[in-house]
Each structure stands twice: as C-alpha cells, then as structure tokens.
Amino acid sequence: MLYYAIGAGVVGLIYAGFLAYRLAKIQVVDQKAGEIASHIREGAMTFLNREYKILSVFVAVVALIIGFSPLGWVQALCFVLGAVISALAGNIGMRIATLANVRTAESAKQSLLAGLRVAFSSGSVMGLAVTGLSLTAIGVLYFFIKDPNIIYSFGFGASSVALFARVGGGIYTKAADVGADLVGKVEAGIPEDDPRNPATIADNVGDNVGDVAGMGADLFESYSDSLIAAMALGVAASLIFGSGAVILPLLIAGLGMIASIIGNLVVFLNKSKNVHNILNSGIFLAALLVAVLSYPLVKYTVGSIGVYWSILVGLVAGIVIGLVTEYYTSEKNKPAQAIAKASVTGPATNIISGFALGLMSTVVPVLVISAAISIAYSQAQLYGIAIAAVGMLATLGITLATDTYGPVADNAAGIAEMAGMGQETRERAEELDAVGNTTAAIGKGFAIGSAALTSLVLLVTYGHVVGLNTVDLLDPKVLVGVFIGGLMPALFSALTMKSVGTTAQEMVEEVRRQFREIKGIMSGEGKPDYARCVAISTDSALRHMVVPGVLAIVVPVLVGFILGRAPLAGMLVGSTVVGFLLAVIMANSGGAWDNAKKYIEAGNLGGKGSDAHKAAVVGDTVGDPFKDTSGPSLNILIKLMAIIAIVIAPLLV
C-alpha cells in the first residue's frame, strides 16, 4: 500500500513535468512582451536566489543544533530535507509562472480559453509539484525510518522555509504594489501596469515571489504537516483500527493526487464561456471523486465507517470555507459592492466598511471548523480530527492550481498593457485576472481553514507525545502561555505590516523622484529606472523577514523550557485561536477591498478616475499587506509553533 501512495506522488510529478514541457514549447512572438517578461523573470530569480542564500545559513545552523542535541542526526537530516524540498516546490512554481505569464498574454490573442489553459497549466504544475514532492518524500522517509514522530522534523524544515518565503515575498510584493498604486494611479492618474510607472516591474515580480513561491511553500508545509500528524496519531489509533491507520493518510493523499489530475483534464477539455465555471468544474469533480473512492479505501484499510465520515467532514469543510470566502470577497456579491458604495464618501468610510466585513466574515469559518472538529471526534476520536485535515487537503493538487493561476493571469494583463498588445488581448487578460482574484481569495480561505485544522491536529499530537490528556486553564502558568500565544499573531502581524509600510514609503519616494527628475517620462520619451525599484523591494524584504521568522521559532522553545509542557500547550491554543481569526479578517478584508476597487473600475459609481475610485485605491493599498503579507503568514506561524513544540517534546518529558 505504501508503494501505491509513493507511486501516486511520482505520477503527479511526471504529469507536472509534462505540463511544464508543453508550456515551454509555446513560442513568444511579441518581442517587446518577451523583453518585459525577461525583466520580471530576472527580478524574481534574483530575489529568490538571495533569499535562499540567507535561508541556507539558517537551515545549516538549526540542523547542527538538532544534530548535536539529544534529538540526533536523523532528525537533523529530516529537517534539512523538509527545508530543501519546500524551497524546491516554491522555486519550481515560480520558474513556471514567470515562463507562463507572457505565454498567457500571447495565447489570449487567440481566445480567452487559450489564455486560460496556459495560465491554468502553470498553476497545475505548481499544485502537482507541491503535492507530488510532499507525498513522495514522506512516503520514502516512512519506508526507511518507520516512525512518523521522527518525520516531524521534515515538517519543521518545511514550515521554517515557508514562513521566511511567505514573509519575504509578501513584503516584496505589497511594498511594490502600494508604491505603484499610490503614485501611479492616484497621483499621476495613469493606468495600472502603465510602462511609465517605475514600480510596475517590481509589482509584477512581487506577484511571483509572494503569491506563487510563497503560497506554494505555505501549502507544501500544510499538506506535509497534516500527513505526518495523521500518521503519528494513526500509530496510537492502530490499537482500534489496525495497522492500516498509519498508511491511510498517504493513501488518501494518493487518491487525491489522481483525482486532481482528472480534475485538471476536465478543466482543459471544458469549452464553457464562463471561466469561473470551468475552474469550479475541475475542483468539484476532484472533490467528488475523493468522496466516493475513499469509501472502499477506508473499508479495506481500517474498516471503520466513522473514519470515512471524518474524511468527508474535512472535504466539505474546506469547500464551505472557500465558498464563504468567495461570497465575502467577490465583486459580484453585496459585501464587496457595499464597500464600493462606501467609497463614494471617501477613503475613511471605505476602510471602515472593509474592516467590518473582515470581522463579520469570521463567523461561518469558526462555526465550520468547530463543527468539523466535533463531528470528526465523535466518529473516530483524535484520529478522526487528523484524518479530517487530510481530507480537507486531499485535492490540493487542483485547489492550488486555481490559486496560483491568478498571479500568472495578473502578470499577463500587465505584460499586455506594457507591451501594447492591443485592446482585445488586454481585456481578455483582465477577465482572466478578475477571475484569478476570486480564485486567489478562495485559495487563501482554503489555506486558512486547513491551517486551523492542521494546527489543532498538531496540538493534539503534542499533548499525546508529552502525555497531557488535559490542561488546567486555571493554572497561572497555563494562562500565561495562552496570553503569550495570543500575543504572537498580533506581534507578528505588527512587524510584517510595519515592514510593508516602511518599504512602501521608500518605494513611493523613489517613484516620485523618478517622475520628478527623469525628463520625458510621462510622454514616453524618458525610460523609468525599473531596476532601482526592484532593488528597493528586494533589499528591504530580505532585511525585514528575519526578525518575525526567528521570533516564531525562539518563543515556543523558551516557553517550553522555562514554563513547561502545559503552558506550551496553552500557548498553542492561544496562537491558534487568535491567529485563525486574524488571518480570516485580514484575508477577507483585503480581498474585498481589492474587488471593490475592481467593481468601480468596471464602470460603476463613476468608474476609473472618479473620487470613489481614488478612495477605493487607498482602501486596496491598506488591504494589500492584509491579504498578501500578514494574513497568509499567520497560517504558517500557528503551524510552525505547533510543529516546533512537537519536535522539542521529547526534551520536555
């Protein structure tokens, strides 16, 4: 059965390789578009290479600490492997995205569907590479090590790299975006992605390093952590369900891989004129296949209908949270339109309305996660909660594809604008981008939901490893742990938001300077200094990503060794609850602000250039670090602290 799971991972990687090869064969005819794309690719790879140099030092130091500690060199090796494969997953996704952006624009010349297939192909490579690498690596590690508790260090490595990638990429992309919007759109009154805007290349580079490489690393560690945690709890559950309980998470992931490939094929074959429906057809078919085929799989391995219901609960919970996110953030629905209407009276009412929406949008996700935990536990106890998290992430191969499709479509629209590829091509690319904004928002909701469930599974696993069946909430030390845990997401968000603000200030001043000093820039005769803006984002992002990342690793260790096992559990409870709520608020407020702006740009409430539009742009720039820096990084923060607790657990007992 283990061979089947590993084989499914390999099949996913082979299919991803085939898609990447087919994508690379598409010819780029427009020379100007090719030149712009090469600038974007060069900027993205420069950032990633410099980021990996910093991370390699961090990984080496932590690996040596683990190796020389009682945890041993096997765990150190697992840590390094998790870090390297996490970085590889993000790297693959970004290379393909920077290859596909110009090819999406070229294909959009032919038709909307042609552009969609190219953009979705790049997303599919990312989704299948992330799931294929994780499933194959964990399967092979289990084959040799046989103990899931040791493999937790693999998750620690993956989480560490993911956090730095998410924070660094998020600071980069949003600083560039804010600078480009505030000076270009509001002050200079030029369109988005106008080649006269010095920050526009940095903005497009940021879409790749933040929304592609960062998101890939984020969901790689979610996927990996949920599999490892379910396998570890499966060891304990084997007394009830038999030895198949350990392998079942890998088999479900393998089934999800095959279902995702079939869903991908359906998207490519679907000829509907509604892009959103095409993408949804693939997602829902993949989910349906997992729902139906996991039944015989469960009956064969553990023989428990309760475990099957737990899988379904996780699968349904993920879809519901995604749909709720879509409701609150899509410009087609009342919540985002209400923010657009609030923009008529200025930026203040826009921001108040958007923040209120984010707060309100927490209700359903909290109820859904609570229901999923309760039902899964009633069906298969702690193992049921773990297997629900695996069920939620089973179809990640296609869910992540529809998410990372968005930044590629966004880049394609920018390239079409800058290269002057024609009104029709630009409009098609913008239509793809508009759908991409919604799918990206759904993807963020899905990532948040899976992070919350995975964190709870890790918390349960930590309690199991250190022998804590209950935690006394009236114990002063435990209460201190809860408050420190609740503080961490707030402190982390403050640091990342401040970093975006500081970098954006530098970017705004630089763009203003170029508009002021470069002669002929507005007439098109003078050429902006794109490289300077890219350098500002790169240097600042790498400088500011270190402190939040180190804090996330050091604080759980200090709490564990100074206060003890129970207070560390309290810290994980506090961080999970506050982190989940903040992540939902930030993601949904940010997504709604963005789409409220797009609703006005579509010609409503005065359209582009109106006072309402200027107010909406301000709201969107506030939402940028919400939805693309601090919010997504919180998903990783709460999982990373939990995985660190599990890794150091043997030293606390």
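**Group meeting talk: helices and a nonpolar core**

Okay, let's start with helix 4: 28 of its 34 residues are buried, so this helix is largely enclosed by the rest of the structure. Keep in mind that we're looking at a predicted model.

Let's stay with helix 4, which runs over residues 112-145, and check its length. Counting 1.5 Å a residue, its 34 residues should span 50 Å, and the end C-alpha atoms sit 49 Å apart, so the two agree. After helix 4 comes Lys-146, and its phi is positive, near 70 degrees.

Now, a pair of helices. How do helix 8 and helix 13 run relative to each other? Helix 8 covers residues 275-301 and helix 13 covers residues 396-419; their axes come within 9 Å and cross at roughly 160 degrees. Angles over 145 degrees count as roughly antiparallel, so that's what we call helix 8 and helix 13. On the helix 8 side, the contact is made by Val-275, Leu-279, Gly-282, Ile-283 and Ala-286, and helix 13 brings Ile-398, Thr-402 and Tyr-405. Sort the residues of this contact by type and you get six nonpolar, two polar and no charged.

Hang on to Tyr-405, because we meet that name again in the largest nonpolar core, which has 220 residues. Which members of the core touch the most other members? They are Tyr-152, Phe-154, Phe-156, Val-307, Tyr-383, Tyr-405 and Tyr-462. As for where the core residues come from, helix 6 (residues 200-241) gives the largest share, with 20 residues.

Let's zoom in on Val-307. Leaving out residues up to four places away in sequence, Val-307 touches Phe-241, Leu-248, Val-298, Val-302, Ala-380, Tyr-383 and Ile-387. Tyr-383, you'll remember, was also on that list of core members.

Two more residues before I stop. Phe-58 sits in helix 2, residues 31-68. Is Phe-58 buried or exposed? Its relative accessible area is 17%, and the cut-off for buried is under 20%, so Phe-58 is buried. Look at Val-550 too: it is 492 residues from Phe-58 along the chain, yet their C-alpha atoms are separated by 9.5 Å. Not counting residues up to four places away in sequence, Phe-58 touches Phe-79, Ser-160, Phe-164 and Ile-553.

Last one: Asn-635, in helix 19, residues 611-652. Asn-635 is buried as well, with a relative accessible area of 3%. Setting aside residues up to four places away in sequence, Asn-635 touches Asp-218, Ala-447, Ile-448, Ala-451 and Ala-583.

Notes
Residues numbered from 1 in each chain as written. Predicted model: local features only at pLDDT ≥ 70, side-chain atom pairs only at ≥ 80, totals over all residues. Heavy atoms only, no water. Axes fitted to C-alpha atoms, helices over the stretch in contact; angles between N-to-C directions. Helix = DSSP H or I, 4+ residues; strand = E, 2+ residues; numbered from the N terminus. Parallel < 35°, antiparallel > 145°, perpendicular 65-115°, else oblique. Contact = heavy atoms within 4.5 Å. Nonpolar A, V, L, I, M, F, W, Y, C, P; charged D, E, K, R; others polar. Expected span 1.5 Å × (residues − 1). Buried < 20%, exposed > 50% of the residue type's maximum accessible area, 1.4 Å probe, protein only. Core = buried A, V, L, I, M, F, W, Y, C linked by side-chain atoms within 4.5 Å.
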